[in-house]
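Me: I am new to this structure. Please walk me through its sheet and its helices in short steps.

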Amino acid sequence: MTTKASVLSEDDAEAVRQYAAALLGAAEKENQVEAALDDLDAVRVEILDPNPKFTQLLASPQMAGDEKDRILVELLDGRISSVALRFLRVLNRHGRVGLIGPLSLEARKIWDRRHGRIPVHVKTASPLDAGQEAALTKKLAAMIAATPILHVVIDPDLIGGLVVQVGDQVCDASVRTRLEQVRQRLIEGKMYEIQKRRDQFSHSA
């Protein structure tokens with residue numbers, strides 16, 4: 001099955017966009033968009049990503065569609081929203097169940113964009129408490145004029161501080177980077193001092 005790490009063909013990418021829009025349209029009619037998106041995220045993160053063999057089996061053309069439908073119903077009926085399950089069964093009938101992973105990401109992206117939400121990737125040396133996360137969210141909201149959706153990753157190698165990425169823009173305020181900048185300045189200062197002494201020696205010789 002195609003996951004977030006896969007590169008999609010043009011045909012699959014177009015199918016993902018169309019099915020993502022169709023999912024949102026169907027879920028909006030039932031006021032179940034957030035539930036459907038959360039369910040598809042959970043299917044991707046909790047079932048598909050940790051079980052690549054099962055994922056490949058669902059995507060395989062060697063397994064009959066009826067058998068895949070039986071598995072989907074037995075596995076997910078009563079555990080995810082009805083609109084999400086119906087959507088997965090429609091995908092299966094059209095031979096597109098292998099696109100669940102990228103489709104869930106695309107649907108979330110479209111929905112966030114519609115509501116002025118922007119994903120922000122944050123690396124911190126240690127976990128943020130609720131107050132720190134709220135303060136960071138407020139500051140970012142003022143900077144990007146949108147609602148930031150934080151995706152926080154803990155990276156102890158940063159030593160302290162944090163790295164924030166919005167789209168292609170990266171703001172690195174980590175202690176590791178500041179220490180590296182200090183180190184570079186010390187090296188450059190030392191090199192300048194050595195060169196200066198060489199020049200003085202040459203002129204006096």
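Me: Let us begin with one pair of strands. In which sense do β1 and β3 pair?
Reply: A word first: this is a predicted model. Strand β1 covers residues 117-124 and strand β3 covers residues 162-166. They are joined over 4 bridges. The sense of the pairing is antiparallel.

Me: Which residue of β3 stands opposite Thr 124?
Reply: Two residues of β1 can be placed against β3. His 121 faces Gln 165 there. Thr 124 has its own partner in β3, Leu 162.

Me: How many bridges join β1 to β2?
Reply: β1 also pairs with β2, and these two run parallel. Pro 119 stands opposite Ile 149 of β2. His 121 stands opposite His 151 of β2. The number of bridges joining β1 to β2 is 8.

Me: Which residue of β4 stands opposite Val 164?
Reply: β3 and β4 run antiparallel, with 4 bridges between them. They form a hairpin with 2 residues between the strands. In that hairpin, Gly 167 has a positive phi near 60 degrees. Opposite Val 164, in β4, stands Cys 171.

Me: Now the whole sheet. In what order do its strands lie?
Reply: The sheet is open and has 4 strands. Its edges are β2 (147-154) and β4 (169-172), each pairing on one side only. Neighbouring strands are turned against each other by 20 degrees on average, direction ignored. The pairing is mixed, and the order is β2-β1-β3-β4.

Me: Is the β-α-β unit of β1, α7 and β2 right-handed or left-handed?
Reply: Helix α7 spans residues 130-144 and lies across β1, β2 and β3. It runs at about 130 degrees to β2. Together β1, α7 and β2 make a β-α-β unit, and the unit is right-handed.

Me: On to the helix pairs. Are α1 and α2 roughly parallel or oblique to each other?
Reply: Helix α1 holds residues 10-29 and helix α2 holds residues 33-48. Their axes are 8 Å apart, and they pack at an angle of about 135 degrees. Angles over 145 degrees would count as roughly antiparallel, and 65 to 115 as roughly perpendicular. α1 and α2 are therefore oblique.

Me: How many nonpolar residues are in the contact of α1 with α2?
Reply: From α1 come Leu 23, Leu 24, Ala 27 and Glu 28. They meet Val 33, Ala 36, Leu 37 and Leu 40 of α2. Glu counts as charged, and the contact has 1 charged residue and no polar ones. The nonpolar residues number 7.

Me: At what angle do α3 and α4 cross?
Reply: Helix α3 is residues 52-59, and helix α4 is residues 65-76. Their axes come within 10 Å. The axes cross at roughly 135 degrees. That makes α3 oblique to α4, at that angle of roughly 135 degrees.

Me: How many charged residues are in the contact of α3 with α4?
Reply: α3 passes α4 in a left-handed crossing. Phe 54, Leu 57, Leu 58 and Ala 59 of α3 touch Lys 68, Ile 71, Leu 72 and Leu 75 of α4. The contact has 7 nonpolar residues and no polar ones. Lys counts as charged, and the number of charged residues is 1.

Conventions:
Residues numbered from 1 in each chain as written. Predicted model: local features only at pLDDT ≥ 70, side-chain atom pairs only at ≥ 80, totals over all residues. Heavy atoms only, no water. Pairing = 2+ DSSP bridges. Axes fitted to C-alpha atoms, helices over the stretch in contact; angles between N-to-C directions. Contact = heavy atoms within 4.5 Å. Parallel < 35°, antiparallel > 145°, perpendicular 65-115°, else oblique. Left-handed = near helix turned anticlockwise from the far one by under 90°. Right-handed = clockwise from strand over helix to strand, strands pointing away.
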